[in-house]
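Me: I want the reasoning behind each label on this model. Let me ask, and you set each value against its cut-off.

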2 protein chains.
Amino acid sequence: MTGIYDQHLPKTTANYASLSPLSFIERAAQVYPHRLAVVHGDANTDIRYTWSELYSRCRQLASALATQGISKGDTVAVMLPNTPAMVEVHFAVPMTGAVLNTLNTRLDASTLAYMLDHGEAKAVLVDGEFAAVMQEALALRESTSPILVIDVVDPLYKGESRLIGTQTYNEFLSGGDANFAWELPEDEWDAIALNYTSGTTGRPKGVVYHHRGAALGAISNLLEWDMPKHAVYMWTLPMFHCNGWTFPWAIAARAGVNVCLRRVDAVSMVNAIVDHGVTHYCGAPIVHSTLVNAPPELRDRLPRGVNAMVAGAAPPATMLEGMEHLGFNLTHVYGLTETYGPAAVCAPQQEWAQLSLEQRAQKNARQGVGYHLQREVAVVDPATMRPVPHDAQVMGEIMFRGNIVMKGYLKNPEETEKALAGGWFHSGDLAVMEPDRYVRIKDRSKDIIISGGENISSIELEDVLYRHPSVQAAAVVAVNDERWGETPFAFIELKPETTVTEAQLIEHCRQYLAGFKIPKHFAFVELPKTSTGKIQKFALRQQAKAQMSAV
Amino acid sequence: MTGIYDQHLPKTTANYASLSPLSFIERAAQVYPHRLAVVHGDANTDIRYTWSELYSRCRQLASALATQGISKGDTVAVMLPNTPAMVEVHFAVPMTGAVLNTLNTRLDASTLAYMLDHGEAKAVLVDGEFAAVMQEALALRESTSPILVIDVVDPLYKGESRLIGTQTYNEFLSGGDANFAWELPEDEWDAIALNYTSGTTGRPKGVVYHHRGAALGAISNLLEWDMPKHAVYMWTLPMFHCNGWTFPWAIAARAGVNVCLRRVDAVSMVNAIVDHGVTHYCGAPIVHSTLVNAPPELRDRLPRGVNAMVAGAAPPATMLEGMEHLGFNLTHVYGLTETYGPAAVCAPQQEWAQLSLEQRAQKNARQGVGYHLQREVAVVDPATMRPVPHDAQVMGEIMFRGNIVMKGYLKNPEETEKALAGGWFHSGDLAVMEPDRYVRIKDRSKDIIISGGENISSIELEDVLYRHPSVQAAAVVAVNDERWGETPFAFIELKPETTVTEAQLIEHCRQYLAGFKIPKHFAFVELPKTSTGKIQKFALRQQAKAQMSAV
């Protein structure tokens with residue numbers, strides 16, 4: 001028998017619409033047409049678009065793409081830095097029903113070729129800076145299907161460049177109709193973006209996002225940040241990385257300002273913050289450390305009260321402390337490509353204000369609680385699929401479930417099933433659940449060091465190393481050891497004009513760590529980092545291995 | 001052929017969860033367990049619950065209801081003022097899968113009996129203040145099905161009372177399990193609430209809300225108001241009215257404070273604002289006018305910067321001006337029971353700050369633009385279903401479409417189809433679209449006056465009458481006229497200790513209105529108002545008719 005509430009109450013276009021971030025730009029353009037949407041460059045070279053102009057440009061681009069046959073379920077790849085074109089493709093591509101594939105701008109030609117083939121890209125938009133490697137990648141493609149190539153010429157780029165496509169972006173755009181009548185996806189489960197994970201082993205996997213998740217992820221970011229209308233957002237986080245944690249869409253929902261930035265360095269950031277009145281930005285720890293460690297004459301120009309969001313395995317306590325000294329409000333988030341970027345947050349509590357700066361930093365360094373519109377983040381024993389006790393002791397795997405989890409991996413049902421097994425997304429990160437139900441990461445599963453049968457968390461060691469005044473950055477990996485199975489190997493990057501000996505570091509560690517946890521090997525290096533600022537442990541592991549066999 | 005993005009990428013519990021406001025309280029209790037959730041009364045009689053306590057109470061109540069056989073698709077009616085119990089039922093009832101039917105506390109026994117019968121309520125919770133009328137209503141029911149009756153005893157209620165049920169609320173609650181394992185609805189399209197429209201003619205219609213719409217309506221309210229975490233919300237708007245415009249759920253999403261209020265008068269409001277640090281409240285124009293016109297010794301205690309939300313056909317410009325003088329930030333919203341309360345907003349524009357107070361009030365008096373997560377509000381010619389031009393001239397009907405539109409009318413497929421015909425919800429309100437694409441209401445369709453073939457907007461006349469310094473409130477209705485077809489009849493409520501003659505009002509009108517629009521008849525009365533503060537034009541129309549035939 002059907003209940004009275006299920007009879008004659010169907011979905012119609014009057015009372016149901018697909019959730020989609022495309023609605024956000026439509027509303028921004030209608031309600032705040034003359035508000036600034038995008039700024040790129042300084043007072044001399046400024047490119048500025050209002051929401052009305054940006055929306056028109058997006059519709060023009062969508063129209064031009066549609067004219068070239070791009071439609072529902074097609075893939076459009078882009079290789080772009082954080083320029084206005086990169087903001088535009090986030091709306092224009094899905095307006096055609098197609099899927100946006102943002103390519104990491106640090107990738108090599110063969111990896112790019114693999115992605116173009118695997119994603120079956122029908123078009124690619126490339127910034128002049130990356131035209132050479134893209135040209136190589138196009139030549140390496142296995143697919144013989146035609147691919148439309150468009151050159152994005154950014155007047156702010158002064159380096160070496162070439163044109164490899166059939167038209168420039170502006171030429172292509174001008175062929176489109178600014179009144180293009182796009183439609184919301186019929187199904188909010190339709191794909192909106194494709195993001196390849198940078199996977200350290202095997203082929204990259206193509207993470208598929210859908211319209212519903214993109215909209216709800218973006219709104220969750222707004223809610224967590226209490227982000228007001230017309231916020232001014234600085235693009236320090238690459239938009240190719242998890243679609244900039246969904247912020248191109250979130251900023252549209254707030255009719256805010258996208259402050260574009262081709263290059264992330266202390267001078268560019270400080271100038272952008274001061275010139276454009278930046279209120280919010282995101283980034284890996286290295287982005288924030290760059291400001292914290294900027295020369296005083298630069299740092300002194302910074303206003304207080306800027307809102308910063310940081311992710312990364314566990315931001316070092318010293319960086320959190322540095323941000324407090326700057327007077328920046330730091331929100332620590334956690335997530336993966338598979339969760340649209342952040343899907344958990346270390347939500348600060350009132351009572352933490354009474355703690356010492358160091359104690360507070362310890363609290364803030366945790367991965368925290370689920371995002372507003374995420375159903376749940378939990379620490380689960382992957383064998384039993386039961387949550388671990390809230391005792392800060394028992395380790396389990398961090399798992400997510402809810403609307404801010406990917407649709408799955410493209411053309412990879414085995415990996416999709418594995419990742420979503422048992423009704424949870426498996427992050428691969430190991431953690432404990434603390435008594436206040438905040439998650440604290442203990443290690444990426446692959447970074448755990450098992451020494452004499454004891455688990456050693458590389459994160460714990462790194463956090464101790466970061467406390468040494470001479471240490472700029474630290475990374476600890478496991479190396480094989482005949483006696484112990486594995487032992488910790490520490491890579492240290494020193495602050496400029498400082499020195500420290502191995503013996504001094506061991507002495508420092510002894511203050512905080514049990515003897516068996518103290519690294520057995522040290523190397524002083526410049527740490528290799530990924531394009532998103534994450535330290536490349538994979539490379540360090542190889543380096544450690546080579547060094548050990550050379551001994 | 002299925003595209004690559006539609007293959008092997010199914011919904012699972014890992015990557016899909018029903019949208020529901022129930023998630024909001026779950027998260028508030030987990031992340032902010034010790035934050036204040038509800039306060040009722042002053043320092044001497046305070047009832048206070050934290051989010052952890054409130055969540056436990058809701059689960060207890062849900063468990064107690066479930067034990068009594070309440071389950072998916074059942075209706076639970078409540079007749080309660082804005083007390084803690086009223087907040088609790090908003091979560092507890094849907095936790096069982098049942099549907100919450102909040103009854104207007106001003107209704108008579110026979111209307112209540114009709115609603116209990118039509119909604120097939122299996123339980124009713126009633127505050128002592130309304131026990132007498134509910135007892136009468138229960139006796140008038142046609143249904144012979146058993147109904148569970150629970151008495152809510154509010155220690156803050158000092159008036160006449162009686163117990164008519166089997167148990168008190170607290171007794172009932174104590175029988176429930178605070179760890180009740182509720183579940184999200186399997187389908188977010190499942191009903192969450194039933195709200196009867198106060199319909200001036202015919203039987204009241206039962207407007208059905210669903211979980212998805214309730215969640216998205218609540219979030220839209222937060223986004224429009226830039227409402228920060230832990231906002232302090234005063235309950236001046238009845239929760240029985242469109243579920244308090246979804247704010248019981250919205251406040252949970254912000255882990256804010258519900259400041260309960262049994263009675264809305266100047267003293268209670270000022271005390272609550274001052275004692276509890278209220279930051280936000282909603283209400284009909286009369287609620288705000290009460291503060292604007294409060295005696296100076298009371299008004300002077302008010303802090304500046306409180307955020308107020310007002311709905312109502314068109315708030316009089318004088319009230320908007322009064323709020324500006326108070327230093328309150330007024331957001332003017334528009335909607336109907338069928339749109340979960342507000343679904344459009346007169347979003348203020350930066351450049352309005354340069355206008356005179358009066359010009360700004362003119363701008364702010366409009367119904368505005370669609371809500372954040374509403375797809376669209378439009379002014380449509382109901383004959384052609386085409387939008388009217390954006391010329392501020394051509395009238396059409398205000399229509400909505402998107403996720404903030406009801407599921408339909410309960411057991412009334414004809415009215416549902418009519419209301420949602422052509423893929424739009426028909427509001428019945430007439431308006432023009434101004435060049436900036438803001439909707440300006442011209443009249444509730446039934447309040448338009450057609451005089452000598454010319455349409456006269458009663459709203460326009462009322463706005464002029466409100467400008468007279470002696471006028472507290474004004475309402476204009478149409479009366480039949482042999483010569484003109486219809487003519488305007490003005491009902492005037494004067495401010496205390498003021499006088500004005502009909503001739504003086506006519507003279508006043510002549511400054512602003514064309515001659516044919518000036519009301520032909522005046523009556524000085526206390527205006528009859530609905531329980532939500534709306535002036536009852538229906539009653540006035542009858543009164544005008546009686547007065548005309550007596551002439």
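Reply: Start with burial. Buried means under 20% relative accessible area, exposed over 50%, and partly exposed in between. Keep in mind that this is a predicted model.

Me: Why is Glu434(A) called buried?

Reply: Its relative accessibility is 12%. The cut-off for buried is under 20%. Glu434(A) therefore counts as buried.

Me: What makes Glu434(A) and Arg366(A) a salt bridge?

Reply: The rule asks for a side-chain nitrogen of Lys or Arg within 4 Å of a carboxyl oxygen of Asp or Glu. In this pair the closest N and O atoms are 2.7 Å apart, so the rule is met. The pair links distant parts of the chain, 68 residues apart. Glu434(A) sits in the loop between β21 and β22 of chain A, and Arg366(A) in the loop between α14 and β16 of chain A.

Me: Is Arg366(A) buried or exposed?

Reply: Buried. Its relative accessibility is 1%, and the limit is under 20%.

Me: What makes Arg375(A) and Glu26(B) a salt bridge?

Reply: Their closest N and O atoms are 2.8 Å apart. That is within 4 Å, so the pair qualifies. This pair crosses between chains, from strand β17 of chain A to helix α1 of chain B.

Me: Why are Arg375(A) and Glu26(B) called partly exposed?

Reply: Arg375(A) has a relative accessible area of 22%. Glu26(B) has 23%. Partly exposed covers what lies between under 20% and over 50%, so the label follows for each.

Me: How do you know that Asp463(B) and Arg467(B) meet in a salt bridge?

Reply: The N to O distance is 3.9 Å. The limit is within 4 Å, so the pair counts. Arg467(B) is partly exposed, with a relative accessible area of 23%.

Me: How many salt bridges does the structure hold over all chains?

Reply: The structure holds 58 over all chains. Across the interface of chain B and chain A, the rule finds 16. One of the structure's pairs is Lys229(A) with Glu224(B), at 3.5 Å from N to O. Lys229(A) and Glu224(B) also belong to a network of salt bridges, linked with Arg27(A), Arg254(A) and Asp226(B).

Me: Which residues make up the contact between the chains, and how is its size given?

Reply: The size of an interface is often given as the accessible area lost when the parts come together. Here the area buried between chain B and chain A is about 6,300 Å², of which carbon and sulfur atoms give 53%. In chain B, Tyr5(B), Leu9(B) and Arg27(B) lose the most area to chain A, together 13% of what that side buries. By contact, 79 residues of chain B meet 79 residues of chain A.

Me: Why are the buried residues of α14(A) said to line one face of the helix?

Reply: Those buried residues are Arg360(A), Ala361(A) and Asn364(A). Seen down the axis of α14(A), they fall within an arc of 105°, so they line one face. An α-helix has 3.6 residues a turn, so residues three or four places apart point the same way. The buried residues of α14(A) pack against α13 and β14 of chain A.

Me: What is noted about phi of Ala392(A)?

Reply: Most residues other than glycine have a negative phi. Phi of Ala392(A) is near 65°, a positive value in a residue other than glycine. Ala392(A) lies in the loop between β18 and β19 of chain A. At 24% relative accessibility, Ala392(A) counts as partly exposed.

Me: Why is Glu497(A) called exposed?

Reply: Its relative accessibility is 85%. Exposed means over 50%, so the label holds. Phi of Glu497(A) is positive too, near 60°. Glu497(A) is in the loop between β26 and α17 of chain A.

Me: What makes Asp381(A) partly exposed?

Reply: Its relative accessibility is 29%. That falls between the limits of under 20% and over 50%, so partly exposed is the label. Asp381(A) lies in strand β17 of chain A. Leaving aside its neighbours within four places in sequence, Asp381(A) is in contact with Arg386(A) and Val388(A).

Methods:
Residues are numbered from 1 along each chain as its sequence is written. Chains are lettered from A and ligands numbered from 1 in the order in which they are written. This is a predicted model: local features need pLDDT of at least 70, side-chain atom pairs count only at pLDDT 80 or more; totals for chains, interfaces and linings use all residues. Side-chain values use heavy atoms; hydrogens and water are left out. Buried means under 20% relative accessible area, exposed over 50%, partly exposed in between (1.4 Å probe, protein chains only). Helices (H or I, at least four residues) and strands (E, at least two) are DSSP runs, numbered from the N terminus. The arc is that of the directions from the helix axis to the C-beta atoms. Contact means heavy atoms within 4.5 Å. Buried area is the accessible area (1.4 Å probe) that two parts lose on being put together, summed over both.
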